[in-house]
Amino acid sequence: MNRRRRQLTNALLTAFIGLRVVRGSRALAAGRAPSAPSAPNAPNAPNAPRTLLDVKDPAAKAVSYQEDARKVDPGLYPTYRRGQSCNTCALIEFGTAPLRGCTLFPGKLIVAAGWCSAWQLRGSKS
Ligand code: SF4
């Protein structure tokens with residue numbers, strides 16, 4: 001039984017690898033780079049390198065994202081309160097790095113000292 005299972009596993013692995021080789025060959029023949037099985041360079045792939053969010057990015061502009069919370073003008077953003085920053089927001093990735101992920105911007109890094117109008121108090125239920 002174990003031998004049969006091993007043969008079946010080997011056959012499936014061989015078929016999978018063969019399929020990957022054929023796909024890669026076709027991509028190369030078409031002048032494209034072959035795609036990896038998990039597409040690690042896709043923007044939202046778990047291992048994709050993250051790039052710094054540009055404040056001019058439409059998604060950043062939509063929430064008035066700024067890289068320095070100390071420069072937020074309370075006159076322009078009445079919801080802003082002193083002490084608010086990405087560092088104290090519920091949506092930032094845990095850690096202490098100055099550049100971290102935010103659930104609002106998948107595949108991007110934000111400045112932890114920044115702020116946006118979507119700021120949420122950590123531990124709040126809203
Ligand atoms: S949602 Fe929070 S962590 Fe994300 S950019 Fe806005 S303030 Fe920063």
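The following paragraphs describe the fold, the nonpolar core, the ligand surroundings and two loop positions of a predicted model.

The mean pLDDT of the chain is 78, and 63% of its residues reach 70 or more. Confidence is not uniform along the sequence. Over residues 8-29 pLDDT stays under 50, and the model has 8 contacts beyond four places in sequence for this stretch. A further stretch with pLDDT under 50 covers residues 34-38, for which 7 contacts beyond four places in sequence are present.

The secondary structure of the chain consists of 2 helices and 3 strands. Along the sequence these elements follow the pattern α-β-α-β-β. The 3 strands form an open sheet in the order S1-S3-S2, with mixed pairing. S1 and S2 are the edge strands, each of which pairs on one side only. In general, strands of a sheet pair through backbone hydrogen bonds, and the pairing is either parallel or antiparallel. Both arrangements occur in this sheet, as its pairing is mixed. Strand S1, made up of residues 51-52, runs parallel to S3 and is joined to S3 by 2 bridges. Within this pair, Leu52 has Leu109 of S3 as its bridge partner. S2 and S3, in contrast, run antiparallel, and 2 bridges likewise join them. Here Arg100 is partnered by Ile110 of S3.

Of the 126 residues of the chain, 15% count as buried. Among contacts between residues at least 6 apart in sequence, 55% join residues at least 24 apart. The largest nonpolar core contains 16 residues, of which Cys86, Ile92, Ile110 and Trp115 touch the most other members. Ile110 therefore belongs to this core and is also the bridge partner of Arg100 in the sheet. When residues up to four places away in sequence are not counted, Cys86 touches Ile92, Cys102, Ile110, Val111, Ala112, Ala113, Gly114 and Trp115.

Cys86 also takes part in the surroundings of the ligand. Of the 13 residues around the ligand, those that come nearest are Cys86, Cys89, Ile92, Cys102 and Cys116. Cys86 and Ile92 thus appear among the residues nearest the ligand and among those that touch the most other members of the largest nonpolar core. By class, the shell around the ligand comprises 12 nonpolar residues and 1 polar residue, with no charged residues.

Two loop positions illustrate different degrees of exposure. Thr103 lies in the loop between strand S2 (99-100) and strand S3 (108-111). Thr103 counts as exposed because it has 12 C-beta neighbours inside 10 Å, and a residue with 12 or fewer falls in that class. The C-alpha atoms of Thr103 and Glu93 are separated by 7.6 Å, although these residues are 10 residues apart along the chain.

Val55 is located in the loop between S1 and helix H2 (58-62). Val55 has 15 C-beta neighbours inside 10 Å and therefore counts as partly exposed. Not counting residues up to four places away in sequence, Val55 touches Ala60, Tyr65, Gln66 and Glu67. The C-alpha atoms of Val55 and Ile110 are 9.5 Å apart in space, while the two residues are 55 residues apart in sequence.

Technical notes. Residues numbered from 1 in each chain as written. Predicted model: local features only at pLDDT ≥ 70, side-chain atom pairs only at ≥ 80, totals over all residues. Near = placed C-beta within 6 Å. Nonpolar A, V, L, I, M, F, W, Y, C, P; charged D, E, K, R; others polar. pLDDT = per-residue confidence, 0-100. Contact = placed C-beta atoms within 7 Å. Helix = DSSP H or I, 4+ residues; strand = E, 2+ residues; numbered from the N terminus. Buried ≥ 20, exposed ≤ 12 C-beta atoms within 10 Å, placed from the backbone. Core = buried A, V, L, I, M, F, W, Y, C linked by C-beta atoms within 7 Å. Pairing = 2+ DSSP bridges.
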